[in-house]
Amino acid sequence: SIPSEQWAQVIEETGKPPVYKKIPVGKPGPNEVLVNIKYSGVCHTDLHAMLGDWPLATKMPLVGGHEGAGVVVARGDLVKDVAIGDHVGVKWINGSCLNCSFCRQMDEPLCEEATLSGYTVDGSFQQYCVANADCVARIPKDVSLEAVAPVLCAGITVYKGLKESGARPGQFVAIVGAGGGLGNMAIQYAKAMGLHVIAIDGGDEKRENTLSLGATTYVDYTTSKDLVADVKAATPDGNGPEAVILLAVSELPFQQASQYVRPHGTVICIGLPAKAYLKAPVFETVIRMVTIKGSYVGNRQDTAEAIDFFARGLINAPYKVVGLSELANVYELMHAGKVVGRYVVDTSK
Ligand code: 8ID
Ligand code: ZN
């Protein structure tokens, strides 16, 4: 039976850590489901939301979280194709109108009516979460809920970014921020897609982590004397990688990438450092025919494909499980850049 109260992590003031407390369990609307969240990944986006980093207001008070994996326990009257007992994921796009010109072309992240889990609506850092039935991720029942949780944002986002880059099997991709949550997923998806990976991050722990996940080269941004030269030298002809996936939460790499991407290559911007700007010299961008573009989560088809890669056993990224009650500690570690891979919270603790 569904309780009337539940444990949650609630942000009551922007800039302050969340408060672990009991709140009422929500009720699903006609087109919504109620999901008993078992595990939720902790994304750097959740920390941005807490800190108020972006020019987009959150709801307040706010339950964060958008990598929630769980079991459907109730559904609204209009819900047909999600059953009670189904395993589903609450992802960043909680719902969208499904009828605007963006939704009609499978760009539901661009829908002006899109609701964002853990940002404009309460997310997965609670035991029971309400989500739009059309937008929950379908998770096969033989897939581990704790292991799949990070796929629901990190996995979908990097898989989409790699597709958007146009990089083909056999080519090279540089992953900037490769030791973080999105970065570890990106190494695994890139490998599964037949790409060679140049991992860029800082410190020896992330060197070991990224090389063990299958990167061919590691470039340490904290010690490299000439990062542009080092990245180019990691490709066979020295001309640089065909694609760069920018996941770092700092501005400098967004200004370096166009210098080491291969001519006619593509720079994909995904990381969202506060108040940052892209910068690239017009002359070199033109004569080297460089493409620079943004990539924002993924649509429902990308979601299904990203989960399918995982279900086939192609994606093995490390994660650490801690209790939901310990979320504030995870934010502190993440703020200090000390998280390797992903933290996943267990909502029962
Ligand atoms: O749809 C989207 N575009 C989307 C989806 C999900 C997440 C965007 N994001 C954004 C997040 O909001 C965040 O800004 O992607 C960014 C990365 O999220 P994350 O992977 O969850 O963060 P993390 O685990 O803290 O990893 C960041 C890594 O960047 C490295 C850090 O060492 C860390 O491993 N890094 C930094 I900070 N500066 C670097 C630099 N100069 C760097 N790596 C290389 N060079
Ligand atoms: Zn995220």
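Visitor: Why does Arg138 count as partly exposed?

Guide: In this predicted model, Arg138 has a relative accessibility of 36%; since buried means under 20% and exposed means over 50%, with partly exposed in between, Arg138 is called partly exposed.

Visitor: How do you know that Asp81 counts as exposed?

Guide: The relative accessibility of Asp81 is 54%, and because the word exposed applies over 50%, Asp81 counts as exposed.

Visitor: What makes the contact of Arg138 with Asp81 a salt bridge?

Guide: The closest N and O atoms of Arg138 and Asp81 are 3.0 Å apart, and a salt bridge asks for a side-chain nitrogen of Lys or Arg within 4 Å of a carboxyl oxygen of Asp or Glu, so the pair qualifies. Arg138 lies in strand β10 (residues 137–138), whereas Asp81 lies in the loop between β5 and β6 (87–90), so the pair ties together parts that are 57 residues apart in sequence.

Visitor: Which side chain meets that of Lys59 in a salt bridge, and what parts does the pair tie together?

Guide: The side chain of Lys59 meets that of Asp122, at 2.7 Å from N to O, and because the cut-off is 4 Å, this too is called a salt bridge. Lys59 lies in the loop between α1 and β4, and Asp122 in the loop between β8 (115–116) and β9 (128–132), so the pair ties together parts that are 63 residues apart in sequence. Lys59, with a relative accessible area of 29%, is partly exposed, and Asp122, with 26%, is partly exposed as well.

Visitor: How many salt bridges does the structure hold, and which residues do shared partners join into one network?

Guide: The structure holds 16 salt bridges, and those that share partners join Lys160, Lys163, Asp302 and Glu305 into one network. Among the salt bridges is that of Lys16 and Glu13, whose side chains meet at 3.1 Å from N to O.

Visitor: What makes Cys43, His66 and Cys153 donors of the zinc ion (ligand 2)?

Guide: The zinc ion (ligand 2) is coordinated by the SG atom of Cys43, the NE2 atom of His66 and the SG atom of Cys153, at 2.0 to 2.3 Å; because donors are N, O and S atoms within 2.8 Å of such a metal, these atoms count as donors. Along the chain, the donors follow the spacing C-x22-H-x86-C. Cys43 lies in the loop between β3 (32–42) and α1 (44–51), and His66 in the loop between β4 (62–63) and β5 (68–75), so the pair ties together parts that are 23 residues apart in sequence. Cys43 and His66 are both buried.

Visitor: Why are β13 and β16 said to stand at the edges of the sheet?

Guide: The open sheet is formed by 6 strands in the order β13-β12-β11-β14-β15-β16, with parallel pairing. Both β13 (217–220) and β16 (291–294) have a single partner strand, so one side of each is left without a neighbour in the sheet. From one strand to the next, the twist averages 20°.

Visitor: How do you know that strand β12 and β13 pair?

Guide: Strand β12 (residues 196–201) and β13 are joined over 4 bridges in the parallel sense, and because at least two bridges are required, they count as a pair. Asp201 stands opposite Asp220 in β13. Helix α4 (residues 181–192) packs on the sheet, touching β11 (172–176) and β12, and its direction makes about 170° with that of β11.

Terms used:
Residues numbered from 1 in each chain as written. Chains lettered and ligands numbered in written order. Predicted model: local features only at pLDDT ≥ 70, side-chain atom pairs only at ≥ 80, totals over all residues. Heavy atoms only, no water. Donors = N, O, S within 2.8 Å, 3.2 Å for Na, K, Ca; no water. Helix = DSSP H or I, 4+ residues; strand = E, 2+ residues; numbered from the N terminus. Buried < 20%, exposed > 50% of the residue type's maximum accessible area, 1.4 Å probe, protein only. Axes fitted to C-alpha atoms, helices over the stretch in contact; angles between N-to-C directions. Contact = heavy atoms within 4.5 Å.
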